[in-house]
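I opened the file to take notes on the helices and on what packs between them. The entries below follow the order in which I looked things up.

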Amino acid sequence: AEKIRKWSTQSREAAPWYTQGTSEYYFQVLLLIFICLVVRRFRWKYLLSFGTGVICGFCIDGWLWLLGGNGPYELLWVRILAFAVGVTITGLALALFFRTSWPLQVYELAVSEISDRFGWKLEKVKLANDLIYLALAVALSLLCTGTLTGAGVGIGTVLITFVNAPLMTLFGKILDKLKL
């Protein structure tokens with residue numbers, strides 16, 4: 001963890017414009033290109049999804065600025081509470097987002113477009129998508145730090161991978177019953 005903090009500090013000094021938020025939308029550009037290659041088409045609404053990703057990146061940076069970084073999450077009980085609330089909100093937000101005509105963020109756009117293109121169930125594509133990101137996180141963590149926890153891959157990362165899609169599906173069924 002100390003290696004990561006030192007590397008993070010050095011990176012901020014070398015490129016102060018590069019933040020967690022900018023990482024978010026840089027990755028989404030690459031993902032958007034990948035989506036176009038997989039589904040073999042480009043739609044203008046994809047650019048709106050990228051716009052949603054940019055807004056998300058600004059929100060990440062704004063939230064970290066508001067909290068003063070990741071410091072407030074030093075205590076285990078705070079991390080557990082934030083995780084539980086965050087997972088619940090994310091599951092509900094995804095269920096709501098998939099039921100709107102608003103542009104999906106690029107991660108969910110990938111799920112939606114691949115599901116539509118190949119006729120696969122949305123929940124299964126979401127789970128497969130999350131598993132791919134988990135594998136990528138593990139690989140990058142091991143490659144960059146030599147450990148899993150050094151770059152933030154822990155029990156929460158694994159847990160959310162397996163809980164996210166079922167929770168989204170559960171909230172979706174509730175919303176459908178309520179006709180929302």
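Entry 1, Asn164. I began with the neighbours of Asn164: leaving out residues up to four places away in sequence, Asn164 touches Thr90, Gly91, Leu94, Lys126 and Asp130. I then looked up where Asn164 sits and found it in helix α7. Is Asn164 buried or exposed? I noted 8% relative accessibility for Asn164; the cut-off for buried is under 20%, so Asn164 counts as buried.

Entry 2, confidence. The model is predicted, and I checked its scores before going on. The average pLDDT of the protein is 85, and 89% of the residues score at least 70. Which elements have the lowest and the highest mean pLDDT? I found the lowest, 59, in helix α1 (residues 2-14) and the highest, 92, in helix α7 (residues 155-177).

Entry 3, helix α2. I compared the span of α2 with the expected one. Its 20 residues should span 28 Å at 1.5 Å a residue, and the end C-alpha atoms are 28 Å apart, so the two agree. At the start of α2, I found a side-chain oxygen of Thr19 within 3.3 Å of the backbone nitrogen of Gly21. After the other end I noted Arg40, which follows α2 and has a positive phi, near 60°.

I listed the buried residues of α2 next: Gly21, Thr22, Glu24, Tyr25, Gln28, Leu31, Leu32, Ile35, Cys36 and Val39. What covers them? The cover includes α3 (45-67), α5 and α6 (122-145).

Entry 4, Leu31. I picked Leu31 as one residue of α2 to follow further. Its relative accessible area is 8%, which means that Leu31 is buried, the cut-off being under 20%. Beyond four places in sequence, Leu31 touches Val106, Tyr107 and Tyr133. Tyr107 lies 76 residues from Leu31 along the chain, yet I read a C-alpha separation of 7.6 Å for this pair.

Entry 5, the largest nonpolar core. I counted 22 residues in this core, and Leu32, Ile35, Tyr46 and Leu109 touch the most other members. Which elements give two or more residues to the core? They are α2 (20-39), α4 (76-97), α5 (106-118) and α7. With 6 residues, α5 gives the most. For background, I noted that nonpolar side chains tend to be buried together in soluble globular proteins.

I also listed the contacts of Tyr46. Not counting residues up to four places away in sequence, Tyr46 touches Leu32, Cys36, Val39, Arg41, Leu109 and Glu113.

Entry 6, cysteines. How many disulfides does a search of the whole structure find? I got 0. I then looked up the accessibility of two cysteines. Cys36 has a relative accessible area of 18% and is therefore buried. Cys144 counts as exposed because its relative accessibility is 62%, and the cut-off for exposed is over 50%.

Entry 7, helix α6. I made the span check here as well. The 24 residues of α6 reach 34 Å from first C-alpha to last, close to the 34 Å expected at 1.5 Å a residue. The buried residues I found in α6 are Val125, Lys126, Asn129, Asp130, Leu134, Ser141 and Thr145. Lys126 and Asp130 were already in my notes as contacts of Asn164. Just after α6, I recorded a positive phi of about 80° at Gly146.

Conventions
Residues are numbered from 1 along each chain as its sequence is written. Side-chain values use heavy atoms; hydrogens and water are left out. pLDDT is the predictor's confidence in each residue, from 0 to 100. A disulfide is a pair of cysteine sulfur atoms within 2.5 Å. Buried means under 20% relative accessible area, exposed over 50%, partly exposed in between (1.4 Å probe, protein chains only). A nonpolar core is a set of buried Ala, Val, Leu, Ile, Met, Phe, Trp, Tyr and Cys residues joined through side-chain atoms within 4.5 Å. Contact means heavy atoms within 4.5 Å. The expected span of a helix is 1.5 Å times one less than its number of residues. A polar contact is a pair of N or O atoms within 3.5 Å; within protein, one must be able to donate a hydrogen and the other to accept it, and residues adjacent in sequence count only if both atoms are side-chain atoms.
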